[in-house]
Amino acid sequence: MDTNIRIAGEAGQGVQTAGDLLVEAFSAMGLHLLSSQSYMSRVRGGLNWFDVRIGDREVLAPREDVDLLIALHEDALTHLRDTVNPDGLIVYDGEAEGTVALHFDGVAQEVGGQVIMANAVAAGAVFGVLGYDVAELVDYLGSVFAKKGAEVVAANAACARRGAELMAAHAGRLQGPAPGSGPRTSVDGARAVALGACTAGLKLAAAYPMSPSTAVLNAIAGYSEQFGILVEQAEDEIAAINIICGATYAGAPAMLTTSGGGFALMAEGLSLAGMLELPAVILLAMRPGPATGLPTRTGQEDLRFVISAGHGEFPRFVFAPGDVTQAYALTRHALAVAHEYQTPAFILTDQYLVDLHATCAPLEAAPRPIDRGLVAAGADYVRYALTDSGISPRAIPGGDAIVMADSDEHTEDGHVTEDLSVRVQMVDKRLRKEAGMCAAALPPTAYRAEDADTLLVCWGSTYGACREAVDLLRDDGRGTSPRPTVGMLHFGQVWPLNADAVRAAIGRRERVVVIEGNARGQFASVLREIGALTDCETMAKYDGLPFTAREIVRRLSHE
């Protein structure tokens, strides 16, 4: 079983803090969980909510419906009341029919002496309703506020206990999943990317801040002392990508974080990395566009942009993790292959994955640096030697070798040239890398696909919703005769693709549905373009919210 809890209120009311308290306390109890956030692009006001879905088995995606709504503001009650299940419960900071009243601010002021502790009251109320021992929450409050002193810890603990006491009369009205079987660790998408990069040997991160990518830069900054990483907030986007180009030329593994609008300003720098054959890694957290669009919402609208960005022709990798575990692993992989092939690599994610928390097996935090592929070279070294693979021996400045680099077309030793025959040789050399990149492309992850007549194809953060939809469709009998069986393929690497391998994985199916968070079916068009797919349906979503499993099931049934 699983329970979906939604805490909703205005920005500035502590919605995220209350949600974070629940996430950490629940994960420490061994509950499986996944959290997601919906928030407006403003510092105060507006309607925000934080969902925490907990279960006694793996939880993969957000839910539309709610079992317990904690409404901190009238707008939350007005706009979200209908999302609560008929047998659910609403705890409201006010008086309204069909709700349980709890004055969070008043209780916080009375018990803790400060309104700011209303989030502890709210978290305690959730524990009270679900019948969980509030001591688990109090323990977490003790650890999170320890640096602020015993008085602050005691006041927050008292607020949490009081919130639970006030809900004691409603304990058991909602059944919470049994704690104990989960992995007891949780991580958010931003930290998973950051930890993957840091353990891979990252030495420099740069950015001009832009939502929702800033969370990743902040996470890297949080690890910077532990791993010895320089984090630079540049004066603008052009400076940020050129910092990365300079760092990678000098041999330092480096990563840039940005979002669509910021990356649009970096296209020339990306081309510079392509011409200089630099292993620049770019984390791009997509948001719905064009222009400012919906800066704090989610979407998968930049795939085509990233694949073709930059002037001229040069290879690049594009990875799109589906969950926090993949975010960690694919970030490490992106750094590794960028260095192996000496070409840019993208990690394409979005607000939903960056912000979500999920329980998972502990991520390895010990440094395991990637192979930078460096060679020791002497005076006869040429940076862009022509090779069958297109990959030249890579030395860095500071040794005996002279490492020439220029944004103009160049000869093998890096000198500027307008010899057009050399120009052709250099283009061919750079593009020869693509054969190796395609051959080594990561295959899609198959889930219950072997016998599937209907195949759901997805990429990036739609992974969890699609996988849960497959289970729902099979579990409710849609997977038995005469109904078609349903399975899925998820792509963590979306460019370049091995067309033969993709074609074999898709195979012959009665129905193929490509599910993605954009209006035009960008990934479906990529699959058609490489000849891996000829006939398919697309399921598009571009309202700024992530897919849910029930939504996929509903639309598959009706479309």
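Okay, let's start with a bit of vocabulary: when the angle between two axes falls at 65 to 115 degrees, we call them roughly perpendicular. Keep that in mind, and keep in mind too that this is a predicted model.

So, first stop, a pair of helices. Helix α3 covers residues 104-112 and helix α4 covers residues 118-130, and they pack at an angle of about 110°, with 8 Å between their axes. That angle sits in the range I just gave, so α3 and α4 are roughly perpendicular to each other. The crossing, by the way, is right-handed.

Who's doing the touching? On the α3 side you've got Phe104, Asp105, Val107 and Ala108, and α4 brings in Ala118, Val121 and Ala122. Sort the residues of that contact by type and you get 6 nonpolar, no polar and 1 charged.

Okay, on to the holes. How many cavities of 30 Å³ or more does the structure hold? It's 2.

The largest cavity has a volume of about 140 Å³. Its lining takes 18 residues, and the ones nearest the centre are Thr298, Thr462, Leu545, Pro546 and Phe547. That lining is a mix: 8 nonpolar, 7 polar and 3 charged.

Then there's the second largest cavity, at about 40 Å³. If you want to find it on the screen, look for Thr248, Tyr249, Glu277 and Leu278, along with Arg383, Arg394, Ala395 and Val403, which line it. Here the split is 4 nonpolar, 1 polar and 3 charged.

That's my tour, thanks everyone.

Note on methods:
Residues numbered from 1 in each chain as written. Predicted model: local features only at pLDDT ≥ 70, side-chain atom pairs only at ≥ 80, totals over all residues. Heavy atoms only, no water. 1 Å grid on protein atoms, 1.4 Å probe; cavity = no way out; pocket = protein on both sides within 12 Å on 5 of 7 lines; lining within 4 Å. Points joined across faces, edges and corners; volume = space filled by probe spheres on them. Nonpolar A, V, L, I, M, F, W, Y, C, P; charged D, E, K, R; others polar. Axes fitted to C-alpha atoms, helices over the stretch in contact; angles between N-to-C directions. Helix = DSSP H or I, 4+ residues; strand = E, 2+ residues; numbered from the N terminus. Parallel < 35°, antiparallel > 145°, perpendicular 65-115°, else oblique. Left-handed = near helix turned anticlockwise from the far one by under 90°. Contact = heavy atoms within 4.5 Å.
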